[in-house]
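Colleague: I would like a close look at one part of this model, taken slowly and with the reasoning spelled out.

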Amino acid sequence: MNGRVDYLVTEEEINLTRGPSGLGFNIVGGTDQQYVSNDSGIYVSRIKENGAAALDGRLQEGDKILSVNGQDLKNLLHQDAVDLFRNAGYAVSLRVQHRVQNGPIGHRGEGDPSGIPIFMVLVPVFALTMVAAWAFMRYRQQL
């Protein structure tokens, strides 16, 4: 195992209708305040409870927003991106990139032993076996 985490990247078109509290999410990023190292993209930092994005349910914190109403968000200052969202109108179309951690097929629940490296199981079992064998040999005449 090399410690590297693999991600599955998917893109999705999400159409939101602006509500009383706007689109219902906050953003971070931009050329002047990179959120991800070596990436000046715009990312969702927070989904507001009961906002348009939360009610839709598809936009998630950490998603990268690639475009708003067809306008690319590459190489924008943070404030320019904020202004673009504010002026996007009532019906807003977002092109979004989701990053999902890619793992083995099947679900591994929390505490599932299949996620433990084998040596972490075998070393203690071997040690206990050796202690039991020593105790048996030492005290077998008394048994």
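Which strand and which helix each supply at least two residues of the lining of the largest pocket?

Modeller: Bear in mind that this is a predicted model. The elements you ask about are strand 2 (25-29) and helix 2 (78-86), each of which supplies at least two residues of the lining of the largest pocket. That pocket has a volume of about 250 Å³, and the residues that line it are Arg-18, Ser-21, Gly-22, Leu-23, Gly-24, Phe-25, Asn-26, Ile-27, Lys-48, Val-82, Phe-85 and Arg-86. By character, the lining divides into 5 nonpolar, 4 polar and 3 charged residues.

Two of the lining residues, Phe-25 and Phe-85, deserve further attention, for the structure holds 2 aromatic pairs, and in one of them the rings of Phe-25 and Phe-85 have their centres 5.6 Å apart with their planes at 90°, which is over the 60 degrees needed, so the pair counts as edge-to-face. Because Phe-25 lies in strand 2 and Phe-85 in helix 2, this pair ties together parts that are 60 residues apart in sequence. Phe-25 is buried, with a relative accessible area of 10%, and Phe-85 is buried as well, with a relative accessible area of 7%.

The other aromatic pair is formed by Tyr-35 and Tyr-43, whose rings lie 5.5 Å centre to centre with 45° between the planes, an arrangement classed as tilted. Here Tyr-35 is partly exposed, at a relative accessible area of 48%, whereas Tyr-43 is buried, at 7%.

Note on methods. Residues numbered from 1 in each chain as written. Predicted model: local features only at pLDDT ≥ 70, side-chain atom pairs only at ≥ 80, totals over all residues. Heavy atoms only, no water. 1 Å grid on protein atoms, 1.4 Å probe; cavity = no way out; pocket = protein on both sides within 12 Å on 5 of 7 lines; lining within 4 Å. Points joined across faces, edges and corners; volume = space filled by probe spheres on them. Helix = DSSP H or I, 4+ residues; strand = E, 2+ residues; numbered from the N terminus. Nonpolar A, V, L, I, M, F, W, Y, C, P; charged D, E, K, R; others polar. Phe/Tyr/Trp six-rings, centres within 6.5 Å; stacked < 30°, edge-to-face > 60°. Buried < 20%, exposed > 50% of the residue type's maximum accessible area, 1.4 Å probe, protein only.
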